[in-house]
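Colleague: Got a minute to go through a model with me? I'd like to know how you back up the labels you put on things.

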Amino acid sequence: MSEIQLLPKVRQYLQRDHGHFIDGQYRSGSGDKRIPVVNPANGEVIAQVNGATASEVEEACLSSRRAFSGEWAQTSPYQRGLILNRLADLIEANGEELAQLETQCSGKHIQLSRMFEVGQSAMFLRYYAGWATKISGETMTPSFPSMAGEQYTAMTRREPVGVVAGIVPWNFSVMISIWKLGAALATGCTLILKPSEFTPITLLRLAELAIEAGLPAGVLNVVNGTGEVGAQLIEHPKVAKVSFTGSVPTGLKVGQSAMAANLTRVTLELGGKNAAALLPDADIDAAVAGLIQTGYVHQGQVCASPERIYVHRSQLDETLAKFAAAVKGMSIGSPLDESVQFGPLANKPQFDKVSQFLAAARHDNQVICGGNPLAGSGFYVEPTVLLANGPQDRFLYEETFGPILCVVPYDEVDELPALINDSPFGLTASIWTNDLSRALRLIPQIEAGTVYVNMHTFLDPSVPFGGIKASGMGREFGSAFIDDYTELKSVLIRY
Ligand code: NDP
């Protein structure tokens, strides 16, 4: 096993004096709050970033508003699409640099960084670029009475909401930011990104590439800092919409403060406790392989990933044995080693949280495989499979956001909708079966924003994504994003 070499430009970039990207300029930041960026693979501080002051947040908001009503408003939809496509090209051209930076900050396996933070980001951007020229309203004929031959016509216009604050988590900092950037810029909005304090620097590089792609200054600003910087953005009168991805507790606060600020529009993509149900006819080998792949991708730190696995009681022993055999063969190690399958958790608080869950599992559950944090300086834990200790097991209700799959036996397929829906969350669910008729009957009964059949976790730009219940409000992707990033204006004309 051996690690890939970091590019010299990645080493140089890490040593920069990092702060913000405001009005087309990289800034080192004027505040005295320094936030260390820690490599979760070894616990070493690899960079420092400056937390934004109130005046830097103010500057970013004013710059975004100026760009919104200035140069960006004069940029045609076709030109906006061209810029998004050029940015996609530049993300690919600088892909290895971006992937290495993100792996250094988040512990994401280098192949995943290449595939998602680079490859998927470029793909989503190109999808949104195509939408820029296709955002349109409707025409209507009102039925007002005509007294003297006058006639009426009416139309709707889709107008950009204005300045969007995009507040993003640490698990896929580039790709999730790109979802917000593509939607905001395709519709004619401007965007201020607030990265997570744990993954703050790759988005500064992205902002530089956006300028190189031809984006006017101020259309994309990035301000760094902890949650209080996000809170200041939400309350700022120039911010018209907040697009937040993160945890449920923070999402609740974000929603409340956006409403209280100015009835500010808000989209919330929050957590999940996603269920996967193996029907009695399922191909168990394929289901176990699919759930390991999607449940442990980025060490389970994916909002859409499965955490609860429902297995027919007659197949429980066979399924648990197959999980144990598959997990036993997984190699754990540095995310810069291309041959490794499982890397570290993304940061110390996340490691502590998952370690506490594992300690509780060792005490309360039958641990089928894994179950332990690993000693050493990095934030590693074992991929874990548990058996639920009863219907009230916390592992059926609390999101671990880690590599912990909890298996639960069931007796009748008819019980599955009630079992799956017994959750505060409703982000994703999956059904594993070759019986299409049964799958189609179950799908309408399942409370989730996305239901998969014989797959889980995959996201595509053409398919709307978002949660119900405590998993959030609003949808990204498809054409669904247009409602969230535009206001509908009605125009009535007498002639
Ligand atoms: P958090 O909710 O802790 O943080 C998300 C972002 O919000 C960070 O940038 C954070 O900044 C910022 N923030 C924190 N407090 C406030 C505040 N009061 N006002 C405004 N912004 C604030 O989530 P995590 O970063 O820990 O991400 C993990 C969570 O995200 C999981 O629960 C996961 O399920 C969810 N998630 C959901 C996804 C979805 O699409 N549904 C996708 C990915 C993750 P800072 O970190 O600097 O404190």
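What follows is a short chat about those labels, and the model under discussion is a predicted one.

Colleague: What is the place of the aldehyde dehydrogenase domain in the chain?

Modeller: UniProt, in an unreviewed entry, puts the feature "domain: Aldehyde dehydrogenase" at residues 29-491. Over that stretch the chain is 38% helix and 21% strand, with the end C-alpha atoms 45 Å apart.

Colleague: How do you know that the span of helix α4 agrees with its number of residues?

Modeller: The expected span is 1.5 Å times one less than the number of residues. Helix α4, residues 95-106, has 12 residues and should therefore span 16 Å. Its end C-alpha atoms are 16 Å apart, so the two agree.

Colleague: And what makes you say that α4 is mostly covered?

Modeller: Buried means under 20% relative accessible area, and 11 of the 12 residues of α4 are buried. Among them are Leu 98, Ala 99, Leu 101 and Cys 105, but also Glu 97 and Glu 102. Just after the helix, Gly 107 has a positive phi of about 75°.

Colleague: What makes the phi of His 298 worth pointing out?

Modeller: Most residues other than glycine have a negative phi. His 298 is not a glycine, yet its phi is positive, about 50°. You'll find His 298 in the loop between α10 (284-295) and β13 (306-312). At 1% relative accessibility, His 298 falls under the 20% cut-off, so it counts as buried.

Colleague: Where is Phe 477, and why is it called buried?

Modeller: Phe 477 sits in the loop between β21 (472-473) and α15 (481-485). Its relative accessibility is 0%, so buried is the label. Phe 477 also has a positive phi, near 75°.

Colleague: Why is Met 155 called partly exposed?

Modeller: Partly exposed runs between the 20% and 50% cut-offs, and Met 155 comes in at 33%, so that's its class. Met 155 lies in strand β6 (residues 152-160). Together with Ile 493 and Tyr 495, Met 155 forms a nonpolar surface patch with about 290 Å² of accessible area.

Colleague: Last one: is Thr 457 buried or exposed?

Modeller: Buried, because 12% relative accessibility is under 20%. Thr 457 is in the loop between β19 (450-453) and β20 (468-469). Leaving out residues up to four places away in sequence, Thr 457 touches Thr 294, Val 302, Ala 304, Ser 305, Pro 306 and Tyr 452. Its C-alpha atom is 40 Å from that of Asp 32, 425 residues apart along the chain.

Note on methods
Residues numbered from 1 in each chain as written. Predicted model: local features only at pLDDT ≥ 70, side-chain atom pairs only at ≥ 80, totals over all residues. Heavy atoms only, no water. Helix = DSSP H or I, 4+ residues; strand = E, 2+ residues; numbered from the N terminus. Buried < 20%, exposed > 50% of the residue type's maximum accessible area, 1.4 Å probe, protein only. Patch = residues over 30% accessible without salt bridge, like charges linked within 9 Å, V, L, I, M, F, W, Y side chains within 5 Å. Areas by Shrake-Rupley, 256 points an atom, 1.4 Å probe, with all protein chains shown as cover. Salt bridge = Lys/Arg side-chain N within 4 Å of Asp/Glu carboxyl O. UniProt positions renumbered as here; feature names shortened; annotations may be inferred. Contact = heavy atoms within 4.5 Å.
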